[in-house]
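This report describes the fold of one protein chain, from its strand pairing to its nonpolar cores. Please view the sequence and the structure together while reading.

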Amino acid sequence: MSKPAETESASRPTRVVVVEDEPTITRAIADRLTAEGWEVSTALDGPSGVAAVREAAPDVVVLDVMLPGFDGLEVCRRIQAEDPVPVLMLTARDDETDMLVGLGVGADDYMTKPFSMRELVARLKALLRRVRRATSAPEVGTGGVGEAPAVLQLGDLVIDRAAHRVTRAGAPAHLTPTEFDLLLCLANAPGTVLTREQLLADVWDWVDATGTRTVDSHVKALRRKLGADLVRTVHGVGYALELPDDEDEPGSEGLGADGLGADGLGADGSGRSS
């Protein structure tokens, strides 16, 4: 994977490939990122997008879901198979399925159209910072006083901070850098409810994205990869990592991780968790 440009700022600007089939949007993104001092390449369809990424070796990719040739999901699969690179996906629909599938094939973040260029730039910079932390993090201690343990174990969940590996019940889970950071943030305070705003600030380094569903979609991706019982939703507040021995609390029978039963209704029949 190309190193994030902030680690190479003395030698070259950030490289970004924008794969978007609407020329007006492509040009607007390219102009804004060029104004930021970034080096921008563009492509208007799936095959050209894969070729552009292969040629430019970018630090980050902005990738639309709906593309001619083949779609953005297939582009993401191919570029991640060749040389993993951070990807921010764009979708024209506020469609949770698109978001979850995109995260599942290796995207690190997503934005729904229409979006502000200011937020796009901020999200890309935050994504690069997260990947830089993941690839050049200092060696983690062995659990001495004041040191975070190299391996964090909560029941059958094991998080290896140094190796950026996660297993549950012995089975490995393949998480994106963002998913790993989100899980670690929750695991550092098990049982504690963290608000979406806290998670956006701590994981995404982005504190001005009110209303975004990014946190919700990444939590759902974690549940899909690690089990629906792992993260508890506190309606109207945020999320908490559930310890395994908390699963059988009285009154929890038949309720899922969101406090919803199999019929999608909460314990009070309201359709929401308590």
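Which residue in β7 is the bridge partner of Leu 152? The partner is Ile 159. The model discussed here is predicted, and the sections below place this pair in its wider setting.

## Overall composition

The protein chain contains 8 helices and 12 strands. Of its 274 residues, 46% count as buried. Among the contacts in the chain with a separation of 6 or more, 59% are made by residues 24 or more positions apart.

The protein chain exposes about 12,900 Å². Carbon and sulfur atoms supply 51% of that exposed area.

## The antiparallel sheet

Strands β6 and β7 pair in the antiparallel sense over 4 bridges. They belong to an open sheet of 4 strands, ordered β6-β7-β8-β9, with antiparallel pairing. The edges of this sheet are β6 and β9 (171–173), each of which pairs on one side only. On average, neighbouring strands are turned by 20° against each other, direction ignored.

Helix α6 lies across β6, β7 and β8 (165–168). The helix runs at about 115° to β7.

Is Gln 153 of strand β6 buried or exposed? Gln 153 has a relative accessible area of 55%, and because the cut-off for exposed is over 50%, this residue counts as exposed. Gln 153 and Arg 168 are 15 residues apart in sequence, and their C-alpha atoms are 9.7 Å apart in space.

## The largest nonpolar core

Ile 159 also has a place in the largest nonpolar core, which holds 29 residues. Together with Val 166, Leu 183 and Leu 241, Ile 159 touches the most other members of this core. Two or more residues come from each of β6 (151–154), β7 (157–160), α6 (177–187), α7 (196–204), α8 (214–226) and β12 (238–241). The most is given by α6, with 7 residues. In soluble globular proteins, nonpolar side chains tend to be buried together.

What is Ile 159 in contact with, once its neighbours within four places in sequence are left aside? Its contacts are Ala 150, Val 151, Leu 152, Arg 165, Val 166, Phe 180, Leu 183, Leu 184 and Ala 187. The list thus includes Leu 152, the bridge partner named at the outset, and two of the residues that share its rank in the core, Val 166 and Leu 183. A second, separate core has 22 residues, including Val 17, Leu 63, Ile 79 and Val 85.

## The parallel sheet

An open sheet of 5 strands has the order β2-β1-β3-β4-β5, with parallel pairing. Strands β2 (39–43) and β5 (109–112) stand at its edges with a single partner strand each, so one side of each has no neighbour in the sheet. From one strand to the next, the twist averages 20°. Helix α2 (residues 46–56) packs on this sheet and touches β1, β2 and β3. The direction of α2 makes about 175° with that of β1.

The edge strand β5 contains Thr 112. This residue is partly exposed, with a relative accessible area of 21%. The C-alpha atoms of Thr 112 and Arg 213 are separated by 9.4 Å, although the two residues are 101 residues apart along the chain.

## Strand β3 and its partners

Why is strand β3 described as largely enclosed by the rest of the structure? The reason is that 5 of the 5 residues of this strand (residues 60–64) are buried. In a regular strand the side chains alternate between the two faces of the sheet. In β3, Val 60, Val 62 and Asp 64 point one way, Val 61 and Leu 63 point the other way, and all are buried.

On one pairing, strand β1 (residues 15–19) and β3 run parallel over 4 bridges, and Val 18 has Val 62 as its bridge partner in β3. On another, 4 bridges join β3 to the parallel strand β4 (residues 87–91), where Asp 64 stands opposite Leu 90. The chain passes from β3 through helix α3 (residues 72–82) to β4, and this β-α-β crossover is right-handed.

Note on methods. Residues numbered from 1 in each chain as written. Predicted model: local features only at pLDDT ≥ 70, side-chain atom pairs only at ≥ 80, totals over all residues. Heavy atoms only, no water. Core = buried A, V, L, I, M, F, W, Y, C linked by side-chain atoms within 4.5 Å. Buried < 20%, exposed > 50% of the residue type's maximum accessible area, 1.4 Å probe, protein only. Contact = heavy atoms within 4.5 Å. Pairing = 2+ DSSP bridges. Axes fitted to C-alpha atoms, helices over the stretch in contact; angles between N-to-C directions. Areas by Shrake-Rupley, 256 points an atom, 1.4 Å probe, with all protein chains shown as cover. Right-handed = clockwise from strand over helix to strand, strands pointing away.
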